[in-house]
Amino acid sequence: MMSEMLQIALPKGRLGEKVYKMFAEAGYECPEALEDTRKLIFENKEAGVCYFWVKPSDVAIYVERGAADIGVAGKDILMESKPEVFELLDLNMGKCRLAVAGKVGFYDRTEHTLRVATKFPNITMDYYGRRCRDIDIIKLNGSIELAPILGLSDVILDIVETGKTLKENNLEPFETVAEVSARLVANRSAYQFKYEAISRLLEKMKALVEAKK
Ligand code: PRP
């Protein structure tokens with residue numbers, strides 16, 4: 001018989017810790033997971049869970065390929081890489097938005113190709129494709145806000161949470177592309193083979209999300 005132990009990929013970082021606490025509250029505790037060590041895998045046999053910390057943008061890959069049965073990934077990453085996973089639940093945390101932003105007062109002269117710096121080339125392509133706007137995508141991996149300041153791009157398409165980074169760099173948001181939050185996702189075959197364990201966890205997480213609203 002297949003093990004009902006759930007393999008769970010959590011995003012490393014502040015959001016991941018909040019997410020872990022939610023799993024713990026739902027009855028899937030593994031206190032060592034929050035200890036300050038370099039260990040990456042934590043198991044609690046009694047609770048039937050094994051957690052591992054991965055780079056947030058890699059969670060969907062672990063889940064899609066079945067190295068993890070379930071995981072938590074931002075909607076931004078899911079929109080960008082469109083992994084073949086089941087999106088089970090909006091955890092209503094890690095809320096932010098994807099927005100187009102640029103220098104305060106920037107005016108888009110549509111006769112020119114718009115240079116857009118972003119970590120999200122596919123979302124950017126979809127967004128401007130739907131608007132039939134010619135763009136030149138400049139793919140960066142971080143500190144996207146620098147691009148319009150240095151003249152590397154006209155605008156950026158990036159995550160805005162509090163808006164502080166934009167403000168402190170004399171930039172402003174122009175358009176909201178999508179609302180983002182953390183999502184519980186499952187590997188497609190694990191969802192069948194470990195259906196009982198996953199749906200038990202899902203029901204508990206759903207109840208917690210509702211209670212926190
Ligand atoms: C994200 C995003 C913005 C910032 C927005 O960056 O790319 O830079 O957070 O947050 P705010 O609206 O609250 O200021 P992240 O910390 O993920 O780093 P990176 O994109 O530069 O790697």
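This section describes the overall architecture, helix H1, an aromatic cluster and the ligand site of a predicted model.

The secondary structure of the protein chain consists of 8 helices and 11 strands. Its C-alpha trace spans about 65 × 35 × 30 Å along the principal axes. Of the 213 residues in the chain, 45% are classed as buried. Among contacts with a separation of 6 or more, 68% involve residues 24 or more positions apart. The exposed surface of the protein chain amounts to about 11900 Å², of which 49% is supplied by carbon and sulfur atoms.

Helix H1 comprises 12 residues, from 14 to 25. The distance from its first C-alpha to its last is 17 Å, close to the 16 Å expected at 1.5 Å a residue. The buried residues of H1 are Gly16, Val19, Tyr20, Met22, Phe23 and Ala24. Residues three or four places apart in an α-helix point the same way, because the helix has 3.6 residues a turn. The cover over the buried residues of H1 includes contributions from strands S1 (6-11), S3 (49-54), S4 (70-74) and S11 (182-187), together with helix H8 (195-212). Helix H1 is followed by Gly27, which has a positive phi, near 105 degrees.

Aromatic pairing also involves H1. The structure contains 7 aromatic pairs. In one of these, the ring centres of Tyr20 and Tyr51 are 5.4 Å apart and the ring planes lie at 80 degrees; the pair is therefore edge-to-face, the class assigned to angles over 60 degrees. This pair links distant parts of the chain, since Tyr20 belongs to helix H1 and Tyr51 to strand S3, with their positions 31 residues apart. Tyr20 and Tyr51 are both buried. Ring pairs further join Tyr20, Phe23 and Tyr51 into a cluster, and Phe23, like Tyr20, is among the buried residues of H1.

The ligand is surrounded by residues that include Lys119, a group comprising Gly142, Ser143 and Glu145, and the run from Asp158 through Ile159, Val160, Glu161, Thr162, Gly163 and Lys164 to Thr165. Oxygen atoms of the ligand take part in several polar contacts with these residues. An N or O atom in the side chain of Thr165 is 2.4 Å from a ligand oxygen, and an N or O atom in the side chain of Glu145 is 2.6 Å from a ligand oxygen. At Gly163, the contact is made by a backbone N or O atom, which lies 2.7 Å from an oxygen atom of the ligand. The ligand has 490 Å² of accessible area on its own, and the protein covers 65% of it.

Methods:
Residues numbered from 1 in each chain as written. Predicted model: local features only at pLDDT ≥ 70, side-chain atom pairs only at ≥ 80, totals over all residues. Heavy atoms only, no water. Helix = DSSP H or I, 4+ residues; strand = E, 2+ residues; numbered from the N terminus. Expected span 1.5 Å × (residues − 1). Buried < 20%, exposed > 50% of the residue type's maximum accessible area, 1.4 Å probe, protein only. Contact = heavy atoms within 4.5 Å. Near = heavy atom within 4 Å. Polar contact = N/O pair within 3.5 Å; in protein donor to acceptor, adjacent residues only side chain to side chain. Areas by Shrake-Rupley, 256 points an atom, 1.4 Å probe, with all protein chains shown as cover. Phe/Tyr/Trp six-rings, centres within 6.5 Å; stacked < 30°, edge-to-face > 60°.
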